[in-house]
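Trainee: Could we go through this model together, taking one question at a time? I would like to see how each answer is reached.

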Amino acid sequence: MNRETQASPTRAEMHGGAWRPWSGERQPARLRAAPIIRAGLRIALRKKLPLVLLFLPPVVATIIFSFVVYTVAALAQGMAPAGLGGAGGAMGQALGGGGGAGDFVKQLVRVREMIVGFHLSTDFFSVLLMAWFGAGLLAEDRKSGAHLLYFARPLTRFDYLLGKFCIVAVFGVLGSILPGLVIISVAVAASPDWSFLQQEGSVAWKTILFGGAWTLVVSSLVLAVSSLSTRKSYALAGVFAWFMFSGATALLLSRLLKDRDWLALSPVQCGVRIAEDLFDMRLGVRDWNTPLAWTAWGLLVALSWTVIWWRTRRLEVV
Amino acid sequence: MTQAESSAHVVRAKDLARFYGDVVGVCDLSVDIPRGTVGLLGPNGAGKSTFLKLLAGELQPSRGSIEVLGAPPFANPAVHARLGFCPQQDALWDDMTAVEFVEFLLRLSGRESLAARSAALAALERVQLVDAKDRRLGGFSKGMRQRVRIAQAIAHEPELVVLDEPLTGLDPLARHATLELFRQLAAEGASVLFSTHVLHEVEALTQDVVLLHKGRLLARGKIAAIRALLDRHPRRYSIRARDSRRLARELVGLEGVESVQLKAEGLLVVATRRPEILLESLPGIASAARAGIASFESRDEGLEAVFDYLMGGAP
């Protein structure tokens with residue numbers, strides 16, 4: 001440690017006139033969010049019970065869908081797992097097997113439908129995951145005053161928020177994108193000569209796009225609600241209240257006013273519409289304005305980040 | 001060495017003000033804080049925490065300016081790298097172990113992994129928590145949590161350590177150890193600025209204080225120098241004597257003595273505006289009167305009394 005001694009005009013009793021100029025070397029600017037992400041994930045992974053409870057449904061769903069996709073892909077080749085009684089068996093028939101090579105393309109389309117169906121059915125669980133692990137990120141910092149430690153370091157608000165966002169987003173990716181990619185991998189592996197990849201390969205990037213957009217929307221919303229809350233429990237309640245209230249309002253208004261565009265009020269309904277359009281599917285009668293659904297998602301993200309930015313500016317006052 | 005670094009002051013505030021809506025945090029505060037150990041004093045709501053947050057760069061001034069180590073601290077990484085801050089709030093993550101917590105904050109400061117780990121361990125050793133380094137913070141007592149907060153503030157060997165109520169929650173042994181740590185930091189050359197309500201502990205550590213009241217500067221300097229400015233309050237001394245009545249009779253006529261009160265069990269309280277005359281004359285007077293002085297002590301030289309006087313005279 002470098003020390004230097006100099007005369008001090010106001011010499012403190014215990015100080016003896018010595019002072020210590022800072023001898024360290026300031027690190028060049030780099031991604032300061034990384035330690036926040038690492039620490040946040042490390043803490044989250046220590047909570048074993050929530051991890052098991054919240055990841056179990058997506059994992060089970062992934063296994064089941066993978067098996068079904070594998071079976072359908074096998075049936076497309078005129079084969080079926082022995083456990084299903086072969087292509088001509090009851091299960092094989094139910095899954096559309098035994099139709100011959102002419103149905104091959106249809107079967108691949110069915111695989112795509114299943115993947116989209118999987119996305120929509122696991123959205124709920126991904127919301128659960130992101131809400132549980134993200135709701136306390138800003139609220140608990142506010143409650144404990146931890147931001148005082150963050151911002152006494154060479155850390156910008158952007159780094160701080162990026163770190164927090166990435167923590168939530170990791171759970172979004174694990175709950176939304178990764179299972180979809182696993183099922184696609186199964187479909188690719190089960191289809192002959194990579195035919196699924198050649199014919200339906202776009203499903204992979206569409207899965208990433210859709211899952212990424214969904215993760216962005218939900219993560220932003222979770223963080224915004226967290227920034228408005230003083231406790232994790234309040235933030236959790238707020239997130240679910242938002243989804244339920246917006247969903248109910250969207251359905252009610254669209255039926256009362258007989259205008260499906262009102263469905264844009266619900267992020268979930270927007271997700272369904274966007275998935276239909278993105279994967280070129282028709283899952284129901286929800287034929288409404290796709291750009292409006294994207295716009296609604298975009299506005300929700302913008303609103304969320306406006307709130308987060310404003311609220312984290314106010315963090316200083318705590 | 002830059003000019004700022006060679007400056008004798010670690011903090012320079014000029015007309016500093018910070019408002020929370022209609023509430024005044026600090027107002028028109030102009031103060032230069034020298035290198036060394038300085039105590040920041042004031043009652044609740046005096047603006048101590050606001051001032052410390054302003055100088056730690058946690059808050060932006062509403063008006064005026066503040067410089068810490070020669071630069072404005074708000075959102076200034078160069079200042080934050082040289083400054084250690086221990087907030088009053090709990091601010092710990094219960095699921096982390098002590099060493100992970102300190103290491104994490106060091107990583108935020110830009111330390112590499114191994115360097116951060118060894119610095120974290122060294123800091124925990126300094127606050128005597130190295131045995132509990134792998135325990136989760138959620139299981140720590142209040143005093144241990146306080147020591148962890150202090151550890152993170154000193155781990156990167158900052159030039160200026162700012163501590164908001166660092167003695168709160170500590171038992172007497174831990175208080176003693178913490179004060180000793182502050183002495184060591186000062187001896188190593190770090191400047192230590194801390195706020196506290198425990199006045200006698202400030203006296204044990206430093207004679208240099210800043211007193212705030214209602215967001216404004218009440219006084220700054222050595223305790224004795226501040227006391228000397230309080231001319232309107234006569235100095236009060238307690239004298240215990242075998243024959244206190246006779247001694248009282250002799251002291252009443254002494255120059256500068258305003259009053260002599262006889263208390264129980266041979267105790268006298270003398271108020272004088274010329275303490276130097278009293279101190280000079282007392283041995284002779286006591287001897288001549290055969291009063292038999294058993295004890296003599298000042299009643300208002302201490303910080304507590306200075307603080308009370310200043311508070312009483314504050315607007």
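Trainee: Let me start with a strand. In β6(B), which residue is the bridge partner of Phe85(B)?

Mentor: This is a predicted model, in which local features need pLDDT of at least 70, side-chain atom pairs count only at pLDDT 80 or more, and totals for chains, interfaces and linings use all residues. Residues are numbered from 1 along each chain as its sequence is written, while chains are lettered from A and ligands numbered from 1 in the order in which they are written. Strands (E, at least two residues) and helices (H or I, at least four) are DSSP runs numbered from the N terminus. In β6(B), Phe85(B) has as its bridge partner Val162(B).

Trainee: Over how many bridges do β5(B) and β6(B) pair?

Mentor: Two strands count as paired if DSSP finds at least two bridges between them. Leu83(B) has Leu160(B) as its bridge partner in β6(B). Strand β5 (residues 83-86) of chain B runs in the parallel sense with β6(B), and the number of bridges is 4.

Trainee: β6(B) also pairs with β7(B). Which residue of β7(B) is the bridge partner of Leu160(B)?

Mentor: Strand β7 (residues 191-195) of chain B pairs with β6(B) in the parallel sense over 5 bridges. Within β7(B), the bridge partner of Leu160(B) is Ser191(B).

Trainee: How many of the residues of β6(B) are buried?

Mentor: A residue is buried if 20 or more other C-beta atoms lie within 10 Å of its own, exposed if 12 or fewer do, and partly exposed in between, with C-beta atoms placed from the backbone. In a regular strand the side chains alternate between the two faces of the sheet, so it helps to check each face. On β6(B), Leu160(B), Val162(B) and Asp164(B) are buried on one side, and Val161(B) and Leu163(B) on the other. For this strand, residues 160-164, the count is 5 of 5.

Trainee: And in β5(B), which residues point the other way from Leu83(B) and Phe85(B)?

Mentor: All the residues named here are buried. Leu83(B) and Phe85(B) point one way from β5(B), and the other way point Gly84(B) and Cys86(B).

Trainee: There is also an open sheet of 3 strands in chain B. Which are its edge strands?

Mentor: The strand order is β2-β1-β4, with antiparallel pairing. Neighbouring strands are turned by 20 degrees against each other on average, direction ignored. An edge strand pairs on one side only, and here these are β2 (23-34) and β4 (63-68) of chain B.

Trainee: Which residue of β4(B) stands opposite Lys14(B)?

Mentor: Strand β1 (residues 9-20) of chain B pairs with β4(B) in the antiparallel sense over 5 bridges. Opposite Lys14(B) in β4(B) stands Ser65(B).

Trainee: On to helices: are α4(B) and α6(B) roughly parallel or roughly antiparallel?

Mentor: Axes are lines fitted to C-alpha atoms, for helices over the stretch in contact, and angles run from 0 to 180 degrees between N-to-C directions. Angles under 35 degrees count as roughly parallel, over 145 as roughly antiparallel, 65 to 115 as roughly perpendicular and the rest as oblique. Helix α4 (residues 98-108) and helix α6 (residues 142-154) of chain B pack at about 30 degrees, with axes 9 Å apart. That angle makes the two helices roughly parallel.

Trainee: How many residues of that contact are nonpolar?

Mentor: Residues are in contact if their C-beta atoms, placed from the backbone, lie within 7 Å. α4(B) supplies Ala98(B), Phe101(B), Val102(B) and Leu105(B), and α6(B) supplies Val148(B), Ala151(B) and Gln152(B). Ala, Val, Leu, Ile, Met, Phe, Trp, Tyr, Cys and Pro count as nonpolar, Asp, Glu, Lys and Arg as charged, and the others, Gly among them, as polar. The contact has no charged residue and 1 polar, and its nonpolar residues number 6.

Trainee: Turning to chain A, is Leu278(A) buried or partly exposed?

Mentor: Leu278(A) lies in helix α11 (residues 267-278) of chain A. Beyond its neighbours within four places in sequence, Leu278(A) contacts Lys206(A), Leu209(A) and Phe210(A). With 19 C-beta neighbours inside 10 Å, Leu278(A) counts as partly exposed.

Trainee: Last one: what share of the 318 residues in chain A is buried?

Mentor: Chain A has 12 helices and 2 strands. In helix α5 (residues 136-144) of chain A, the buried residues include Leu137(A), Leu138(A) and Asp141(A). Over the whole of chain A, the buried share is 45%.

Definitions and conventions
Contact = placed C-beta atoms within 7 Å.
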